[in-house]
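Colleague: I have a model open and would like to go through its strands and side-chain contacts. Start wherever you like.

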Amino acid sequence: LRLNSDARGDFGELLRNLKGGQLSYLTVEPGATRGGHFHFVKVEKFFVLSGEVEFRFLNLNDMTEHAERCSSIVNAAVYCAPAIVHWISNLSDSPAVIAVWSSQIFIDTDPDTYSYTQVSNTCVET
C-alpha cells in the first residue's frame, strides 16, 4: 500500500479491490488545500474523520461552482462525480483526517486524474 506525503499532508491507501474500488485516507495540514484535479470516470466519496474542512467544486460541464463545509461532528459523506474539479481546504487548527472511497483503484499507467489550472482553464494529466 502506498503512502504519499508532502507539505499539505499525507495520502495513504488502505484497501484496494478491482471490483470494489479503493479506500484511502488523507490528511490536510492547517491552512492547506489539497486537490485541484478531476476524474473522467472515477466517483469519489469523502468522510471527514477529524477536523473541519471546506470542499470546493467546479463542474466542468457548465462551469458552475459550489462549496460545502463539513466536519467530523456531522455524520455525512460528500460525493464527487466525474468531471468535477475538487479542492479540500482545512479550516481547523490541527490536521484534518478524511476517509476517501474511489470507485476505481489508482493505476500508474491509467490514473484518470487530471490537474486543473484555474488561471488558464487548462487541464493536464497527472
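**Strands, contacts and surface**

Modeller: V78 sits in strand β8; strands here are DSSP runs of E with at least two residues, numbered from the N terminus. This is a predicted model, where local features need pLDDT of at least 70 and side-chain atom pairs count only at pLDDT 80 or more, while totals for chains, interfaces and linings use all residues. Residues are numbered from 1 along each chain as its sequence is written, and side-chain values use heavy atoms, with hydrogens and water left out.

Colleague: Is V78 buried or exposed?

Modeller: V78 counts as buried because its relative accessible area is 3%. Buried means under 20%, exposed over 50%, and partly exposed in between, with a 1.4 Å probe and protein chains only.

Colleague: And which way do the other side chains of β8 point?

Modeller: They alternate: V78 and C80 point to one face and are buried, whereas A77 and Y79 point to the other and are not.

Colleague: Which strand does β8 pair with over 4 bridges?

Modeller: β5, residues 44-50, in the antiparallel sense. Pairing takes at least two DSSP bridges between the strands. Within that pair, C80 of β8 is the bridge partner of E44.

Colleague: What is the strand order in the open sheet?

Modeller: It has 6 strands in the order β1-β2-β3-β10-β5-β8, paired antiparallel. β1 (3-6) and β8 (77-80) are the edge strands, each pairing on one side only.

Colleague: How many bridges join β1 to β2?

Modeller: There are 4, and β2 covers residues 9-17. D6 stands opposite G9 of β2.

Colleague: Salt bridges next. How many does a search of the whole structure find?

Modeller: The search finds 3, counting a side-chain nitrogen of Lys or Arg within 4 Å of a carboxyl oxygen of Asp or Glu. One of them joins R8 and D6, with the closest N and O atoms 2.6 Å apart. R8 is partly exposed because its relative accessible area is 31%, and D6 is partly exposed at 37%.

Colleague: Which residue meets R16 in a salt bridge?

Modeller: E13, at 3.2 Å from N to O. R16 is partly exposed at 39%, but E13 is buried at 7%.

Colleague: What about R69 and E52?

Modeller: Their closest N and O atoms are 3.9 Å apart. The pair links distant parts of the chain: R69 is in β7 (65-71) and E52 in β6 (52-59), 17 residues apart. R69 is exposed, with 60% relative accessible area, and E52 is partly exposed at 32%.

Colleague: Any backbone oddities worth a look?

Modeller: Two residues to look at are A83 and D112. A83 has a positive phi of about 65° without being a glycine; A83 is in the loop between β8 and β9 (84-90) and is buried at 14% relative accessibility. D112 is not a glycine either, yet has a positive phi of about 50°. D112 lies in the loop between β10 (96-102) and β11 (114-117), and is buried at 5%.

Colleague: Last topic, β3. Where are L23 and S24 in terms of cover?

Modeller: L23 is in β3, residues 21-28, and counts as partly exposed because its relative accessibility is 32%. S24, also found in β3, is buried at 2%. The side chains of S24 and Q22 share a polar contact of 3.0 Å, that is, N or O atoms within 3.5 Å, one able to donate a hydrogen and the other to accept it, with sequence-adjacent residues counting only if both atoms are side-chain atoms.
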